[in-house]
Amino acid sequence: IAGRVNVGKSSLLNRILDEQKAIVTAIPGTTRDVIESTLSIEGVPVRLMDTAGIREVADEVEKIGVQLTEEKLKEADLVLAVLDQSVSLSPEDIQLLEKVKKKTTLLVLNKIDLPSAMNWEKVLKDLPPFPTVRVSALRGEGISRLKKEIVKLVVGGDKFTASSAIAPNVRQAKALRETKKFLENVLRCTTENAPLEIIAFELRNALDSLGEIVGETTPEHVLESIFSNFCIGK
Ligand SMILES: Nc1nc2c(ncn2[C@@H]2O[C@H](COP(=O)(O)OP(=O)(O)OP(=O)(O)O)[C@@H](O)[C@H]2O)c(=O)[nH]1
Ligand SMILES: [Mg+2]
């Protein structure tokens with residue numbers, strides 16, 4: 001989440017998370033550190049970063065904050081470039097849009113609860129053709145549309161569905177099936193009011209089989225199955 005100071009980046013983060021995570025004030029330059037949060041949007045894991053507002057400053061702390069913003073901008077898979085549509089476009093806004101025009105960028109016109117300062121349709125025509133959403137971080141308008149746009153831009157419009165999901169190999173398919181079995185046990189145990197230790201045991205098993213896929217748990221039998229499937233050392 002990037003933009004010049006005071007456009008409502010932190011308010012937007014809080015609104016997307018539905019939690020008061022970042023400090024919001026009317027004082028420009030409130031955020032100095034990168035504030036990171038992870039959330040799931042329609043099943044897609046997203047790591048959101050609220051950043052310090054971009055401006056030329058003398059204050060040393062804020063300056064470092066702005067440098068961090070620039071670094072995160074380079075790393076980001078998707079940039080939410082936030083503009084305040086209740087005031088005119090500023091040189092800093094234009095600089096930012098210039099900077100991100102080669103990145104996957106979603107333009108977020110914020111503060112739509114306030115009157116528009118410009119004819120944005122006309123302004124947008126002269127800008128690079130970014131997908132655009134209009135929101136009010138203060139009131140929550142447009143946030144569900146914003147979330148849909150994020151998913152669309154991150155996964156290319158293909159929604160994840162259980163039927164479209166595939167496991168890349170037999171070992172992973174087996175681990176997924178086992179995870180499912182353990183999770184079903186967890187569900188059954190909780191409805192039957194089983195002792196917490198039993199539920200914890202089943203949950204641990206589920207986590208371990210998931211861990212086999214991402215490589216966090218590598219018990220002997222995983223290694224065995226890998227060595228029996230591949231011929232190593234020839
Ligand atoms: N009317 C209105 N005010 C908003 C909206 N979003 C944010 N604000 C106000 O704008 C001011 C700045 O909001 P912040 O979320 O702190 O802005 P920021 O972009 O994080 O600012 P910096 O951290 O200083 O870069 C606060 O007074 C917010 O209440 C909105 O949608 N509508
Ligand atoms: Mg902020």
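**Exercise 1.** Determine how the lining of the second largest pocket divides into nonpolar, polar and charged residues.

*Solution.* Step 1: a pocket, on a 1 Å grid over the protein atoms alone, is an open set of points where a 1.4 Å probe fits, with protein on both sides within 12 Å along at least five of seven lines; lining residues have an atom within 4 Å of a point. Step 2: Ala, Val, Leu, Ile, Met, Phe, Trp, Tyr, Cys and Pro count as nonpolar, Asp, Glu, Lys and Arg as charged, and the others, Gly among them, as polar. Step 3: the lining divides into 13 nonpolar, 2 polar and 4 charged residues.

The model is predicted, and local features need pLDDT of at least 70, side-chain atom pairs pLDDT 80 or more, while totals for chains, interfaces and linings use all residues. Residues are numbered from 1 along each chain as its sequence is written, chains are lettered from A and ligands numbered from 1 in the order in which they are written, and side-chain values use heavy atoms, without hydrogens and water.

**Exercise 2.** Find which pocket ligand 1 sits in, and name polar atoms beside this ligand.

*Solution.* Step 1: ligand 1 sits in the largest pocket (more than half of its atoms lie within 2 Å of the grid points). Step 2: a side-chain N or O atom of S10 is 2.9 Å from an oxygen atom of ligand 1. Step 3: T30 brings a backbone N or O atom to 2.8 Å from a ligand oxygen, and for A137 the backbone distance is 3.0 Å. These are polar contacts (N or O pairs within 3.5 Å).

Terms used. Polar contact = N/O pair within 3.5 Å; in protein donor to acceptor, adjacent residues only side chain to side chain.
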